[in-house]
Amino acid sequence: MDMPGSPPLLLLVDDEPEILVALGDLLEDRYRILSTASPVEALELVRAHTDIAVIVSDQRMPELTGSQFLARARQMTDAEAILLTGYADLSAVVAALNDGAISGYANKPWDAEALIAMVAAAADRYALRQALAFERAAFRGLADGSGDVVTILDQHGHVVRGATRPNGIDPRDLAILGQGGSDDEDRHLVQPWGDSWTHIRRIPFTIGPNRYLLKIERDDTGRRLAERRHHQSEKLEALGTLSGGIAHDFNNLLAAIVGNLELAERRIDDRDRLRRYLDAASEAAGRGSAITRRLLSFSRQRDLAAEIFRPDDVIRSIEELIVRTAAGRIRVAYDFAEPGWSVKTDVGQFELAILNLAINARDAMDGSGTVRIGTANIDDAGVFLPNLSGGFVRITVSDTGSGMDSAVRERVFEPFFTTKAQGAGTGLGLPMVRAMARAAGGDVTIDSEVGRGTHIHLWLPRIEARPTPAAQESTGPTGPLRLMLVEDDSEVRAVVAAQLEAAGHSIVVHDSAVQAVAMLEAGDRFDMVLTDYAMPDLSGIEVAARVRACCPDTPVLLITGFAEIGDTQIGVPVLTKPFTGDQLLTAIANASAATADSVSG
């Protein structure tokens, strides 16, 4: 076997021993040598040594001529071949050259320098052929065995190696061909049977004057779905931790609502007290609605996507959940830098990271203490961390708990390492936080000593915030409308109908989506259809599709209690329960204005 870096292996074949000695003396300093006086024995050597680079053979030998020996050897090896010939063998040499059996020949007696150069050139050709064969085999193995779709395109985007793609030339391929660097692209395809993802790696290269592109397409669906499931499981773990505090708060809210309504019933003749009790009940219900809405928004399953945001804004938006992690036992304090800088990462992962850090801080304190959450604008993070440079936002979650010793600090980022009791933690919280930070170009550091608490710093690079366009006021209709309301819940149906009638609208109410759609398809027309999402016979999305088919100019407003239903997902405006009468009327005006704009456009 030819070892990397070892000299090429030569096989010398000549029936005259003194010739073999002379050839060996000439070439042994540059090559490894095998030699034999028998062409029959030489065939066995060829069979045994698959790494022979060059065969130098005499033409006139008693058992086989050189050309006969080389013809048989060619069936077992692709080594280069050189014939040594004397006076009467020229015709056989010419025939061997024409057949491609040899790459050259030398006359006896030979010129030493010319023969050395001929053998060197032959060895180089063999090495090049082997290198090319290796590259071809490696490419073929990559193409056939990796599961990826591997193609090579020419400068016009046409496939020169690999399977032809059915969609024709990709404009992005041509764009990368005209650039110098490689390119990575993630494509997300939404299909009726499920989402799919493809990761595409493009590597341009040049051979002579020609430009080519190596394109590797990998099905990334399995990894993406696993990532989505893992992210969702982390959310569910955090929600489980929050549940105790939330149940306690909801009992307090329900007690406030029930108590105030009971007092209102007793004081129905005293308008001032009645108003005060009803306002208190309404405020308590609003607080419960805000908690529920935030929980549903946090728990919904969605794909990871980097967004530009201010960390203090997001932390304030989940303040209700952060407070619930303390379960009423721990004080939570905030200290945000002004003005706040923006960062870019997945908002859901950032929320989960902050909640995980808050839960860890709570668990580090024995029933009392303070969790502090703050931000700081750092002009040059390299002053604190050598591996970072430039502007960073440092988000710090600190506690007044027991702290960590050096042994624990060194292991806290190991997956599944936890200091909590068995079953109380997975050991994935801090590794997830660091993975999120590093994916965004940042890092996580810990300052902690036994007995002095813990400060966990989340470093994220500063991003210039994009200007937010000014919100446009709705220009919806001001006059009374003829509305259809489709809602299977009798209590919700009665409240919504009463709110709409109080605003001067004409209402036709249905508790059956099938009957409502039948009325529309029979020719009855309305200014808008308001429909619940979750109904037994038809879903709200199905109702919207049927309305579009029969009444394309009629706007539809979907009413739902599910946070995962969004406008962009289904193409229908959404109003999330619970809502006030003003919010209902604003949603109707916005939906009407959007429909009017699309018709005029």
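The chain folds into 18 helices and 22 strands, and the model you are looking at is a predicted one. Here are some exercises to work through with the structure open.

**Exercise 1. Get an overview of the chain.**
Work out what percentage of the 601 residues count as buried, and what share of the contacts between residues at least 6 apart in sequence join residues at least 24 apart.

*Solution.*
- Step 1: Start with burial. Of the 601 residues, 41% count as buried.
- Step 2: Turn to contacts. Taking those between residues at least 6 apart in sequence, 62% join residues at least 24 apart.

**Exercise 2. Place the two annotated aspartates.**
Find which residues UniProt lists as "modified residue: 4-aspartylphosphate", then describe the surroundings of each.

*Solution.*
- Step 1: Read the record. The unreviewed UniProt entry lists Asp58 and Asp532 under this feature.
- Step 2: Locate Asp58. Asp58 belongs to strand β3, which covers residues 52-58.
- Step 3: Judge its exposure. The cut-off for buried is under 20% relative accessible area; Asp58 has 4% relative accessibility, so Asp58 counts as buried.
- Step 4: List the contacts of Asp58, skipping neighbours within four places in sequence. They are Val13, Asp14, Asp15, Gly66, Leu83, Leu84 and Lys108.
- Step 5: Repeat for Asp532. Strand β20, residues 528-532, holds Asp532, and Asp532 is buried because its relative accessible area is 5%.
- Step 6: List the contacts of Asp532, again not counting residues up to four places away in sequence. Asp532 touches Val486, Glu487, Asp488, Gly540, Leu558, Ile559, Thr560 and Lys577.

**Exercise 3. Look at the rings.**
Determine how many aromatic pairs the structure holds, and which rings have Arg394 and Arg482 over their faces.

*Solution.*
- Step 1: Count the pairs. There are four aromatic pairs in the structure.
- Step 2: Go to Arg394. The ring beneath Arg394 is that of Phe384, with 5.6 Å to the ring centre.
- Step 3: Go to Arg482. The face of Phe526 has Arg482 over it, at 4.1 Å from the ring centre.

**Exercise 4. Check the cysteines.**
How many disulfides does a search of the whole structure find? Decide also whether Cys550 and Cys551 are buried or partly exposed.

*Solution.*
- Step 1: Recall the bond. A disulfide is a covalent bond between the sulfur atoms of two cysteines.
- Step 2: Search for such bonds. The whole structure yields zero disulfides.
- Step 3: Compare the two cysteines. Cys550 is partly exposed at 22% relative accessibility, whereas Cys551 is buried at 3%.

**Exercise 5. Trace the salt bridges.**
State how many salt bridges the structure holds, then follow the bridges of Asp148, Asp170 and Arg316.

*Solution.*
- Step 1: Take the total. The structure contains 30 salt bridges.
- Step 2: Begin with Asp148. Asp148 and Arg218 form a salt bridge through their side chains, with 2.8 Å from N to O. This pair links distant parts of the chain, 70 residues apart: Asp148 sits in the loop between α5 (112-145) and β6 (149-153), and Arg218 in strand β10 (residues 210-219).
- Step 3: Add exposure. Asp148 is buried at 7% relative accessibility, while Arg218 is partly exposed at 46%.
- Step 4: Continue with Asp170. The salt bridge between Asp170 and Lys215 has its closest N and O atoms 3.8 Å apart. Because Asp170 lies in the loop between β7 (159-161) and α6 (171-177) and Lys215 in strand β10, the pair ties together parts 45 residues apart in sequence. Asp170 and Lys215 are both buried.
- Step 5: Move to Arg316. Its salt bridge with Glu338 puts the closest N and O atoms 4.0 Å apart. Arg316 is in helix α9 (residues 311-317) and Glu338 in the loop between β12 (331-335) and β13 (343-346), so the pair links distant parts of the chain, 22 residues apart.- Step 6: Add exposure for this pair. Arg316 is partly exposed, with a relative accessible area of 38%, and Glu338 is exposed at 57% relative accessibility.
- Step 7: Look for a network. Salt bridges with shared partners join Asp170, Arg172, Asp173, Asp183, Glu185, Arg187, Arg202 and Lys215 into one network.

Key. Residues are numbered from 1 along each chain as its sequence is written. This is a predicted model: local features need pLDDT of at least 70, side-chain atom pairs count only at pLDDT 80 or more; totals for chains, interfaces and linings use all residues. Side-chain values use heavy atoms; hydrogens and water are left out. UniProt positions are given in the numbering used here, feature names are shortened, and annotations may be inferred rather than shown by experiment. Helices (H or I, at least four residues) and strands (E, at least two) are DSSP runs, numbered from the N terminus. Buried means under 20% relative accessible area, exposed over 50%, partly exposed in between (1.4 Å probe, protein chains only). Contact means heavy atoms within 4.5 Å. Rings of Phe, Tyr and Trp (its six-membered ring) pair if their centres lie within 6.5 Å; planes under 30 degrees apart count as stacked, over 60 as edge-to-face and the rest as tilted. A charge sits over a ring if NZ of Lys or CZ of Arg is within 6 Å of the ring centre and within 35 degrees of the ring normal. A disulfide is a pair of cysteine sulfur atoms within 2.5 Å.
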